[in-house]
Structure formats: structure tokens, C-alpha cells
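Visitor: Could you take me through a close look at one part of this model, the place where its chains meet?

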Amino acid sequence: MSGFQPPVFIPETAIAERVDALARRISADHAGVDDLLMIGVLRGAFMFLGDLARRLTIPCSVDFISLSQHERGATQSEGVRLVMDLRVEIKGRHVLLVEDIVDSGDTLAFLVHTLEVRRPASLRTCVLARKRGPEGRLARLDYVGFDIPDRWVVGYGLDYDNKFRTLPYIGVVHGPDDA
Amino acid sequence: MDPTTPEGQAAPPPVLISERQIAERVEHLGREISADYAGVDELLLVGVLRGAFIFLADLARRLTLPTSIDFMALSHYEHGSTPSGAVRLVMDLRVPITGRHVLLVEDIVDSGETLAYLKRTLEARRPASLKICTLTRKPDRLTADVRVDYVGFDIPDAWVVGYGLDFDNKFRSLPYIGVLEPAPDGG
């Protein structure tokens with residue numbers, strides 16, 4: 001039994017408040033949209049999406065997409081492939097892509113390009129946590145839960161080696177050496 | 001919360017099980033499951049997409065033992081459902097389950113035939129243990145011989161939506177469980 005409990009970085013109440021605020025903004029920005037399709041990127045986004053979707057005040061539907069790295073992918077953006085595509089067509093629909101964490105933004109860019117080819121009416125991005133990528137640049141996103149420093153964060157869907165995903169808060173683990 | 005009432009939208013489905021009742025039940029299930037698995041190194045929660053994701057998100061947070069998460073996506077064969085409950089795996093697990101403790105998390109058990117098929121499929125991989133947890137169950141519809149270990153709510157034979165459950169992919173994100181009246185055809 002791993003007795004290690006990652007120290008709290010963002011408590012459950014702060015997450016709930018932030019998710020509420022995001023949901024209000026997203027609902028306002030999509031006022032009049034008759035069905036917003038929320039696409040959760042597995043596996044990390046399921047908890048964030050579960051809370052966010054319930055707080056929206058506009059009609060929405062939900063789908064999931066799953067990615068994995070190619071075995072010998074040269075760079076992150078070249079290395080991504082779809083393990084499970086959407087069940088529904090998105091042509092002409094309003095779409096919100098929901099991710100758990102973004103740093104370089106390469107994976108998200110791959111997804112956005114993949115989905116834009118399908119000609120949605122609109123496509124926006126929402127991420128729980130954003131870190132600075134290489135050269136300190138910030139990925140451009142429509143909705144950001146938290147901007148966080150370059151630490152390994154876990155919980156609320158985020159994992160370390162598929163562990164700690166189900167913590168109700170966002171915690172910090174250090175490297176494998178000092179965890 | 002009236003997630004479906006901008007101008008021109010249908011009224012939200014009437015409440016069958018409120019948000020508060022769900023939260024209390026999920027917390028109770030979380031305690032029960034944590035106690036039953038006391039001493040287990042790690043419990044693998046397998047969510048069946050798409051319907052189980054909200055239930056899984058809430059349940060997982062209430063467990064007090066180390067867990068990991070994976071998902072499966074299923075779909076019916078072209079010719080519709082079969083009496084055997086056989087379904088196509090659209091997305092299989094990412095991780096092997098041999099020797100691991102697994103809890104399959106479902107949104108609804110209706111006839112139970114698909115669940116029984118899924119259970120046989122996973123048991124063939126020889127997990128250390130395999131149990132089933134469902135948010136809702138319709139006892140009047142059950143035909144399969146399948147043991148469900150944890151049940152959130154036994155419900156009447158009505159078309160329920162919300163908290164992950166959908167009708168035509170609608171109403172999934174309601175924070176409560178509601179009933180569609182009149183029931184849509186083909187249920």
C-alpha cells in the first residue's frame with residue numbers, strides 16, 4: 001500500500017469555485033447555442049468534465065476521445081495518434097474540447113487541427129491546468145482553470161504513472177527520487 | 001439549476017433522484033467499497049463509457065484506498081443487440097488486469113445481458129477479483145444471471161436521464177436523475 005499522500009496544491013473547494021466560474025463564462029459565451037458538444041480527452045479529463053458539464057446552464061452533450069503516443073514518435077506532435085475517435089460527427093456543431101493539462105500545447109494543437117478539418121461551427125478549448133511550455137511560452141487556450149508552475153501535479157484526474165488520479169484535490173509530487 | 005431551459009428549450013425532466021440523494025448514496029457506496037477492499041494495494045476502477053463518467057468521477061473521489069482508472073467503450077453490432085448480450089469493444093483497456101483487483105463501474109443495468117457478457121470477457125483475463133458497481137438498476141427488466149455487487153439505486157422501468165444517463169446523447173450532464181415522460185419509443 002502506498003502510504004504517500006501528495007501535499008495539497010489546490011484544495012477541493014478552490015477547484016469547485018473555479019469550475020463554477022468557468023461554467024458561468026462558458027455558458028454565457030455559448031448563450032443561444034442549442035447544443036454544446038463537450039469532448040473530453042481521456043483519461044485525465046473525465047473528472048473535470050464531469051464537474052464542469054453539470055455546472056453549465058446550456059444544453060450540452062458529451063463525447064470522448066482517446067490518444068496515445070506512437071511508439072517511436074520523434075516529437076510530441078508527430079507522435080500522437082487517435083486510439084478512440086468520437087462517436088458523433090461534429091460538422092456544423094459547437095464544440096468545446098476539454099483537457100486536463102497543457103504544457104507545450106503540441107498534443108492539443110494536434111487535436112484542434114484534427115477536429116477543425118471536420119468543420120465544426122465553432123471549436124474552443126478548455127483546460128484544467130496550464131504550465132509554461134519550452135522557452136516559457138504559454139499555450140493559447142480559451143478557458144484555463146489554473147496556471148500552475150512547473151511541478152508534477154496529480155489528482156482530480158491528473159496522474160503520476162496512473163496513480164493519484166482519483167484524489168479530490170490537486171496535489172504535488174516531486175520526482176520519483178524524492179517522492 | 002435548469003440546464004435545459006434557455007428560450008425555446010423543453011422543460012427539464014422531473015426529478016426522480018435529487019443531487020443531494022445521489023451525493024449521499026455515492027458517499028455511502030464509497031465507504032462500503034473502501035471497507036470491502038481494505039488491505040488491497042490498488043483497486044482498478046473500470047468505467048464503461050460514456051454513461052458512467054460522472055458517477056465514476058464522484059465515486060472515485062470518495063474512496064479511501066489507492067485506485068487507478070481505466071475506461072472501456074462498447075457498441076452494439078450492426079444488427080442490433082443480440083440475446084447473448086454480445087457487444088463490440090470499441091476501446092479496450094489500456095492496462096492488463098491479470099492478478100489485479102477490478103471494479104467495473106456502470107451507469108445502468110437493464111436486462112444485464114451486456115453486463116454479463118462484459119464480465120465473462122474480463123474474467124477471461126484472470127483478474128484477482130472482479131466486482132460490479134452500478135449507479136442504477138431496473139430489477140423488473142433483469143433477465144441475465146449476473147451478480148451486481150454494489151447498486152446505487154433500484155429504479156422503476158422508466159426512461160431515466162441525467163448524471164451520465166442520456167436519451168439520444170441529451171440530458172447526460174444534468175446534475176440529478178430525471179425521468180422522461182412520456183417514455184420515448186424504442187426504450
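Guide: A polar contact here is a pair of N or O atoms within 3.5 Å, where within protein one must be able to donate a hydrogen and the other to accept it, and residues adjacent in sequence count only if both atoms are side-chain atoms. The model is predicted, with local features needing pLDDT of at least 70 and side-chain atom pairs counting only at pLDDT 80 or more, while totals for chains, interfaces and linings use all residues. Residues are numbered from 1 along each chain as its sequence is written, chains are lettered from A in the order in which they are written, and side-chain values use heavy atoms, without hydrogens or water.

By that rule, eleven residue pairs, both at pLDDT 80 or more, are in polar contact across the interface of chain B and chain A. Strand E2 (43-49), H2, strand E3 (67-75) and strand E4 (88-91) of chain B, elements taken as DSSP runs (helices H or I, at least four residues; strands E, at least two) numbered from the N terminus, each supply at least two residues of the side that touches chain A. H2(B) gives the most to that side, with eight residues.

Six salt bridges, each a side-chain nitrogen of Lys or Arg within 4 Å of a carboxyl oxygen of Asp or Glu, are found across the interface of chain B and chain A. The side chains of Asp51(A) and Arg61(B) meet in a salt bridge at 2.8 Å, N to O.

In contact terms (heavy atoms within 4.5 Å), 38 residues of chain B meet 37 residues of chain A.
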